[in-house]
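Work through the exercises below with the sequence and the structure open beside you, and try each task before you read its solution.

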Amino acid sequence: FWYFTELTSIRNLKLPATTLYESCYKSMFCGCTSLTTVPSDLLPATKLAANCYRGMFYNCTSLTKIPELPATQMYTSCYYAMFKLCTKLRYPFRKFNGTINAVPNCFKSMFAGCSSLIKSPDMTCYLIGSDSTCFQYMFH
């Protein structure tokens with residue numbers, strides 16, 4: 001993990017997988033404090049896996065623009081702390097439309113510590129199940 005700790009920008013990178021595997025991108029850009037933007041189409045996957053994006057941009061303190069998240073099938077901790085402590089991030093993902101199987105920790109702490117957020121995402125979703133940790137601390 002921590003593949004790109006000194007990365008300052010991403011220009012032509014795309015992670016083309018549409019079906020992911022457990023922990024595949026976990027902490028990939030964690031701590032890239034000079035990273036400011038990522039392409040909107042960086043993450044085209046529609047079917048996620050457990051922990052696949054967990055902490056992916058954790059502590060990217062200069063990040064101001066994040067990718068769209070088109071996934072419609074969620075799994076345990078798939079977005080857990082994905083953008084946690086991205087303190088310059090003002091807008092989370094634009095919208096989320098889909099069905100969420102309420103799995104443990106799906107969106108947990110996704111934007112925790114993002115102290116500059118001024119807008120919440122437009123979320124239109126159908127929640128299946130009732131796991132109480134699915135959205136826990138999402139904007140804490």
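The exercises that follow concern cysteines and aromatic rings in this model, which is predicted.

**Exercise 1.** Determine how many disulfides the structure holds, and examine C52 and C78 as examples.

*Solution.* A disulfide requires two cysteine sulfur atoms within 2.5 Å. Begin with C52, whose nearest cysteine sulfur is that of C24, at 5.4 Å; because the cut-off is 2.5 Å, C52 is in no disulfide. Go on to C78, for which the nearest cysteine sulfur belongs to C106 and is 3.4 Å away, and C78 too is in no disulfide. For the structure as a whole, the count is zero disulfides. As for their surroundings, C52 is buried, with a relative accessible area of 0%, and C78 is buried as well, again with a value of 0%.

**Exercise 2.** Describe the aromatic pair of Y25 and Y53, and then that of F29 and F57.

*Solution.* A pair of aromatic rings is described by the distance of the centres and the angle of the planes. The structure holds seven aromatic pairs. In the pair of Y25 and Y53, the centres are 6.1 Å apart and the planes differ by 5°; planes under 30 degrees apart count as stacked, and this pair is therefore stacked. Both tyrosines lie in the segment before β1 (95-101), so their pair ties together parts that are 28 residues apart in sequence. Both Y25 and Y53 are buried.

The rings of F29 and F57 are also stacked, at 5.1 Å centre to centre with 10° between the planes, and both residues are buried.

**Exercise 3.** Which residues do ring pairs link into a cluster?

*Solution.* The cluster consists of F29, F57, F83, F111 and F139.

Technical notes:
Residues numbered from 1 in each chain as written. Predicted model: local features only at pLDDT ≥ 70, side-chain atom pairs only at ≥ 80, totals over all residues. Heavy atoms only, no water. Buried < 20%, exposed > 50% of the residue type's maximum accessible area, 1.4 Å probe, protein only. Phe/Tyr/Trp six-rings, centres within 6.5 Å; stacked < 30°, edge-to-face > 60°. Helix = DSSP H or I, 4+ residues; strand = E, 2+ residues; numbered from the N terminus.
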